[in-house]
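User: Please take a close look at how histidine and charged side chains are placed in this model, and connect the individual sites to the chain as a whole. I would like the cut-offs spelled out as you go.

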Amino acid sequence: MTLSDFIIIPAAADHIHYAEDICNEMFESAKARGTGIARRKPEYVARKMEEGKAVIALHKDGTWAGFCYIETWSHGDYVANSGLIVNPVFRKVGLAKAIKKRVFELSREKYPKAKIFGLTTGLAVMKINSDLGYEPVTYSELTQDEEFWKGCQSCVNYDILMSKERKNCMCTAMLWDPVEKERELKEKIQRRAEAKERLDRISKKQSLLKRIEAKLWKSSKKFVSAIIPVGTRPAKGF
């Protein structure tokens, strides 16, 4: 089984009948990991599908294979890609990474100015986020929207979070900042332009040196010819 056996697309109203199975698997997966997440109801997931704020993976036989949805905070200034889940039947084929990439792209399409962030304890998710360009940050750089932090109340580590005044916890915070990425891109373009300019200058210098060498060689040949005319031989003993 490979990724070519699946389609990964923005979810729509046609996919609502998968909502209950997806929610059940989210809950069971969280229990198996020993972590807590705000349990979502099928109606909530269905609404995300209807709004076009989710991505679903489907096997070619029509079975749901994975899911992830978009949540917005602080009036759309922050976006989180939440509820990533892969059907246990289809794990180990790279679906999680492919779904995260597609929902990230969808988030950028819908909210191009938003900061995209996540909180996770999973090394695999951290690696995926890192590959997408997320950077580890402090909790202070995340949304301070109270509704977001309420979602942590069902986590087994909630007391730790509150005892540390929401400054840190067991999860690693990661952020993709469009302003920062644009600055990095401009710097990269500038560095490339400067490198090209240096290379052009070096090439021009090398070309000039070659022309000077050719001119000197030509002048030296004329000088030798003037001293020793062509066809003559040096006197014996010289």
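Analyst: **Histidines and charged side chains**

His 59 is buried, its relative accessible area being 12%, where buried stands for under 20%, exposed for over 50% and partly exposed for what lies in between, with a 1.4 Å probe and protein chains only. The model is a predicted one, in which local features need pLDDT of at least 70 and side-chain atom pairs count only at pLDDT 80 or more, while totals for chains, interfaces and linings use all residues. Residues are numbered from 1 along each chain as its sequence is written, and side-chain values rest on heavy atoms, with hydrogens and water left out.

His 59 belongs to strand β2 (residues 54-59); strands here are DSSP runs of E with at least two residues, helices are runs of H or I with at least four, and both are numbered from the N terminus. Setting aside residues up to four places away in sequence, His 59 touches Asp 5, Phe 6, Ala 65 and Phe 90, a contact being heavy atoms within 4.5 Å. His 75, by contrast, sits in the loop between β3 (64-73) and β4 (78-86) and counts as exposed, at 86% relative accessibility. His 75 is 70 residues from Asp 145 in sequence, yet their C-alpha atoms are 9.2 Å apart in space.

Among the charged side chains, Lys 100 of helix α3 (residues 95-110) deserves a separate description. Lys 100 is buried but has no salt bridge, the nearest side chain of opposite charge being that of Asp 131, 11 Å away; Lys and Arg count as positive, Asp and Glu as negative, and His and the chain ends are not counted. A salt bridge needs a side-chain nitrogen of Lys or Arg within 4 Å of a carboxyl oxygen of Asp or Glu. What Lys 100 does have is a side-chain polar contact with the side chain of Asn 129, at 3.0 Å. Beyond four places in sequence, the residues in contact with Lys 100 are Asn 81, Leu 84, Ile 128, Asn 129, Leu 132 and Tyr 134.

Asp 131, for its part, forms a salt bridge with Lys 127, with 2.9 Å between the closest N and O atoms. These two residues lie four apart in helix α4 (residues 123-132), about one turn of the helix, and Asp 131 is partly exposed at 41% relative accessibility. An α-helix has 3.6 residues a turn, so residues three or four places apart point the same way. A pair with that spacing also occurs in helix α7 (residues 178-227), where Arg 201 and Glu 197 are four residues and about one helical turn apart; their salt bridge has its closest N and O atoms at 3.1 Å. Arg 201 is partly exposed at 42%, and Glu 197 is partly exposed at 46%. Elsewhere, Lys 101, Arg 102, Glu 105 and Glu 109 are joined into one network by salt bridges that share partners. Lys 53 and Glu 51 also meet through their side chains in a salt bridge, at 3.8 Å from N to O, with Glu 51 partly exposed at 37%. The count of salt bridges comes to 20.

As for the whole, the protein chain has seven helices and seven strands. Its radius of gyration, taken over C-alpha atoms, is 31 Å, well over the 18 Å that the globule rule (2.2 Å times the number of residues to the power 0.38) gives for 238 residues, so the chain is more spread out than a compact globule. Of those 238 residues, 34% count as buried.

Terms used
Polar contact = N/O pair within 3.5 Å; in protein donor to acceptor, adjacent residues only side chain to side chain.
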